[in-house]
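Biologist: I would like a close look at one part of this protein. What lines the largest pocket? Please go slowly and place that part in its surroundings.

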Amino acid sequence: MEIVGLDGGARVFLAEEKKFSSCTAAILLGRKLKREEVTENALLVNLMGLGNGKYRSPSELNRAADRLFGGCFDCVNLKKGDRQLLEFYAEAVNEGDNVENAIRFLGELILNPLTEGKGFKAEYAEREKQALRAEISAAKDDKKSYAKNRLIEEMFKGESFGVYGDGYSEDIDRLTPEGLYRHYRDIVDSSDVDIIVAGNFDREKVLEALNRLNLKSVKREPFEKQELKKRKTSYITEKMDVEQGKLCVGIRIQGDYYALLAANEIFGGGANSRLFMKAREKEGLCYYISSGLVRGNGTVIVQSGISSENVKRVNEIIAEEIKGLESADEKEIKSAKESLIKKYTAAEDSLAGISEFCLGTVLWGGAESLNEAKEKIRALKANDIRQAFSGAAADTVYFLKEKGKDS
């Protein structure tokens, strides 16, 4: 991957892979997650994907995309760690001027939005307000995801990562077409801009097309690992009408990213992980259990579907296996490293996988290619993996409990 700076301060991450016939381009407007603007940002990026000054409706936009670059586009709101990203994305087959046209098309979406009077088109703004309200409400129906979000909200209260990335229903009514447009101007003037281009493309033509957009990027805050603060474990229980309880455990942890990644594979991230084999297969205490490493803020999150009567024992197993990683054997370590290398290898075979990897580098640094990431995994020493969770303990335990259960 090559990193190039544009005239306006934006960074371009070029992952050129000639084995593909197509190319993806993503322009990312980055913001620190803030409670006071997260809903506005989520609504804004959806609104910007409905039309612009040149193509004034979704149908006109879609026809233009088909005619100009024969591909697809999307505008999405992303939460990545403590960052909110407004992503403008397009995919095009590398034929003729398709890729350059796709880049110009994205520039039109960002720099020439559809307006009416002094604001965005009122009809579209109202439609998107209703759609966002429905989306936020529907998120509660996925109880596994809801429990994870509630854990993060409680564990990181007062921190950027604790802000719900899709926004808050109570903020929607105050948003107006005029206010949204004023906020849009602020977004364009005060965001950091990163661009990821992956796949088959002409480097010089792509850079020329991007420079012509003249996107301005503010000086970005350097990524800094937060200091690990050990706290007494917090226990939070909520009741809801669910058939199956949802247990989420947040573990604050620090260390080398790749060592943590391998350790988590043994702990709860892999198909033969210790948590799954002990809590699910051996003792039959839960319907599922797994853990994931949140890159960038030193957190491992365990998720489990479980009955109330088994919560205490599963929490005990989690604590036991955090400590037990110190005794991981050579077979487990080899298996974890092989599993991670396979995942990186699989990512090389898709533009989505390559782009997602590049996004991690955009946000947090680290390896600049999938091959480099694989080499970092291969180079890990067994003791680095065994000691990766050293001193870790549960910070917050959240349980979404079945109604009518008293145990």
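Modeller: I start with the pocket and then move outward to the elements around it.

The model is predicted, and the predictor's confidence has a mean pLDDT of 93 over the protein. A score of at least 70 is reached by 97% of the residues. Mean confidence is lowest in β1, at 91, and highest in helix α1 (residues 38–48), at 97.

The largest pocket holds about 950 Å³ of space. Its lining is made of 34 residues, and those nearest its centre are Lys80, Tyr257, Leu293, Arg295 and Glu356. By type, the lining has 16 nonpolar, 10 polar and eight charged residues.

Where along the chain do these residues come from? Six elements each give at least two residues to the lining: the strands β4 and β11 (286–294), and the helices α5 (143–155), α8 (257–269), α11 (330–347) and α12 (351–364). The biggest share comes from α12, which supplies six residues.

Take β11 next. This strand belongs to an open sheet of five strands with mixed pairing, in the order β9-β13-β10-β12-β11. β11 stands at one edge and β9 (234–240) at the other; each has a single partner strand, so one side of each has no neighbour in the sheet. On average, neighbouring strands here are turned by 15 degrees against each other, ignoring direction. The partner of β11 is strand β12 (residues 299–306), and the two run antiparallel, joined by eight bridges. Within this pair, Gly292 faces Ile301 of β12.

Two of the helices that help line the pocket also pack on this sheet. α5 touches β9, β10 (245–252), β11, β12 and β13 (393–402), and its direction makes about 35 degrees with that of β10. α8 touches β10, β11 and β12, and its direction makes about 180 degrees with that of β11.

Now take β4, the other strand in the lining. β4 is part of an open sheet of six strands, also with mixed pairing, in the order β1-β2-β8-β3-β5-β4. The edges are β1 (2–5) and β4 (72–80), each with a single partner strand, so one side of each is left free of a neighbour in the sheet. Neighbouring strands of this sheet are turned by 20 degrees against each other on average, with direction ignored.

At the β1 edge, strand β2 (residues 11–16) is joined to β1 by four bridges, and the two are antiparallel. Glu2 has Leu14 of β2 as its bridge partner. Helix α7 (residues 203–213) packs on this sheet, touching β1, β2, β3 (22–32) and β8 (192–199), with its direction at about 155 degrees to that of β2.

To return to the pocket, its lining thus draws on edge strands of both sheets, β4 and β11.

Conventions: Residues numbered from 1 in each chain as written. Predicted model: local features only at pLDDT ≥ 70, side-chain atom pairs only at ≥ 80, totals over all residues. Heavy atoms only, no water. Pairing = 2+ DSSP bridges. Axes fitted to C-alpha atoms, helices over the stretch in contact; angles between N-to-C directions. Contact = heavy atoms within 4.5 Å. 1 Å grid on protein atoms, 1.4 Å probe; cavity = no way out; pocket = protein on both sides within 12 Å on 5 of 7 lines; lining within 4 Å. Points joined across faces, edges and corners; volume = space filled by probe spheres on them. Nonpolar A, V, L, I, M, F, W, Y, C, P; charged D, E, K, R; others polar. pLDDT = per-residue confidence, 0-100.
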